[in-house]
Amino acid sequence: MELNIASIEIEPKRHTFGHVAKRLGEDRPASRYEEAMYDAQPTENFHYRPQWEPEFEIYDKNRTKIKMNDWYDLLDPRKFHYMSYVSTRASQNAANEQSFEFIEKRGLVNFIKKDNLKKAFDFLTPLRHYEYGANMNNLCIVDRVYGTAMSSASLFQAEDRLGMAQHITKIILLLCDNDVSKLDAGKDAWLNCPNWQGLRKAVEDSFVQRDPIRLFIKQNLVFDGFVIPLMINEFSKEMAKNEEMTISMLTEFIVSWFEETIKWIDSVVKVMANESNENKELLTSWIKEDIEIMEKAMEPLVSFSNNPKELISIAKFDLVQRLDKCGISL
């Protein structure tokens, strides 16, 4: 007996949602990212204006001085939606866990010199509170920014910063054999040590910033553009010069995350700057103001190096190079 099964190709009546098709055309299937981002934010038929800010709608473009013809031009080049974001971070965390397990299994912490261990506690532990601040700032951006493209990516950024605070906590507890007093000492340094007060003031002053794009530039572009390259990357290099590679292994996750994240940050800045000369001038003035703040704040914190001013100049140069590619000249 011979049985022939014919395959039938069923042509879908439409390839994506109607509001997405208006942008991409009826015939092009949209990616998961495009379906999750484009025009997902409500734009009309709001019930009432927020009582705490009656001058604004719940979603309002006028919360920022930056003007965009289309806020959905600010797409994330990483194309993160929930599924892609979670799977990416899960695989990265799995690789990171292997580093922790290797160090713990081999007892490598026992071979760290006491001077290097003290430096790790002094210079890394207070950064937990910087990351908590970054988490709060990005959540504020989510609350106030216009368009799903920015609010979604900023929410992922906020969750990443909470994860970074937890990651630093895990490093410290591994280095001190779960002595939680080290975490208390880090909090005390953040609150009272003179070296940390410039950075602490910069972070706490940013909490009252109401313009979401201003806050995005301040926290994600400039603050991080100094803190992570100096306090994580350069600190790890300094440890390596002192024959200490274990701490570098533990902090590599943060460095890799930062290299990935700046692709999104720089892309957003470039699109906003290219939108208009007014945007470019405004962004330039904000960036110059924040760079001046961070140069002063970071100088006492890079005392782990013999040439703190040189390191700060390098961090500034790298940031300027990034901005130049975005079309912003300082």
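The exercises below work through packing, burial and cysteines in a predicted model.

**Exercise 1. The nonpolar core**

Find which residues touch the most other members of the largest nonpolar core, and which helix gives this core its largest share.

Solution.
- Step 1: The largest nonpolar core has 80 residues, and Phe226 and Met231 touch the most other members.
- Step 2: Helix H9 (residues 212-241) supplies the largest share of this core, 15 residues.
- Step 3: Apart from this core lies another, of five residues, which include Val20, Ala30, Tyr72 and Ala149.
- Step 4: Now take Phe226 and set aside its neighbours within four places in sequence; Phe226 is then in contact with Met231, Ile291, Met294, Glu295, Met298, Ile312, Ala315, Lys316 and Leu319.
- Background: In soluble globular proteins, nonpolar side chains tend to be buried together.

**Exercise 2. The buried residues of H4**

List the buried residues of helix H4 (residues 114-124), and state which helices they pack against.

Solution.
- Step 1: Asn116, Leu117, Ala120, Phe121, Phe123 and Leu124 are the buried residues of H4.
- Step 2: Their packing partners are helix H5 (127-144), helix H6 (148-175), helix H7 (181-192), H9 and helix H10 (246-275).

**Exercise 3. Two helix pairs**

Decide how H3 and H10 are oriented to each other, then do the same for H7 and H8.

Solution.
- Step 1: Two packed helices are described by the angle between their axes and the distance between the axes.
- Step 2: For helix H3 (residues 82-106) and H10, the angle is about 170 degrees and the axes are 9 Å apart.
- Step 3: Angles over 145 degrees count as roughly antiparallel, so H3 and H10 are roughly antiparallel to each other.
- Step 4: On the H3 side the contact is made by Thr88, Arg89, Gln92, Asn93, Asn96, Phe100, Phe102 and Ile103, and on the H10 side by Thr246, Met249, Leu250, Phe253, Trp257 and Glu260.
- Step 5: Sorted by class, the contact of H3 with H10 has seven nonpolar, five polar and two charged residues.
- Step 6: For H7 and helix H8 (residues 197-206), the angle is about 80 degrees and the axes are 7 Å apart.
- Step 7: Angles of 65 to 115 degrees count as roughly perpendicular, so H7 and H8 are roughly perpendicular to each other.
- Step 8: Ala189, Trp190, Leu191 and Asn192 of H7 meet Gln197, Leu199, Arg200 and Val203 of H8.
- Step 9: The contact of H7 with H8 divides into five nonpolar residues, two polar and one charged.

**Exercise 4. Asn137 and Lys187**

Classify Asn137 and Lys187 as buried, partly exposed or exposed.

Solution.
- Step 1: Asn137 is found in helix H5.
- Step 2: The relative accessibility of Asn137 is 2%, so Asn137 counts as buried.
- Step 3: Leaving aside neighbours within four places in sequence, Asn137 is in contact with Ser206, Phe207, Leu215 and Gln219.
- Step 4: Lys187 is found in helix H7, and because its relative accessibility is 45%, Lys187 counts as partly exposed.
- Step 5: Lys187 and Pro126 are 61 residues apart in sequence, while their C-alpha atoms are 5.9 Å apart in space.

**Exercise 5. Cysteines**

Work out how many disulfides the model has, and why Cys193 does not bond to Cys176.

Solution.
- Step 1: A disulfide needs a pair of cysteine sulfur atoms within 2.5 Å.
- Step 2: The closest cysteine sulfur to that of Cys193 is in Cys176, 19 Å away, which is too far for a bond.
- Step 3: The count comes to zero disulfides.
- Step 4: As for accessibility, Cys193 is partly exposed at 26%, whereas Cys140 is buried at 18%.

Note on methods. Residues are numbered from 1 along each chain as its sequence is written. This is a predicted model: local features need pLDDT of at least 70, side-chain atom pairs count only at pLDDT 80 or more; totals for chains, interfaces and linings use all residues. Side-chain values use heavy atoms; hydrogens and water are left out. A nonpolar core is a set of buried Ala, Val, Leu, Ile, Met, Phe, Trp, Tyr and Cys residues joined through side-chain atoms within 4.5 Å. Buried means under 20% relative accessible area, exposed over 50%, partly exposed in between (1.4 Å probe, protein chains only). Helices (H or I, at least four residues) and strands (E, at least two) are DSSP runs, numbered from the N terminus. Contact means heavy atoms within 4.5 Å. Axes are lines fitted to C-alpha atoms, for helices over the stretch in contact, and angles run from 0 to 180 degrees between N-to-C directions. Angles under 35 degrees count as roughly parallel, over 145 as roughly antiparallel, 65 to 115 as roughly perpendicular and the rest as oblique. Ala, Val, Leu, Ile, Met, Phe, Trp, Tyr, Cys and Pro count as nonpolar, Asp, Glu, Lys and Arg as charged, and the others, Gly among them, as polar.
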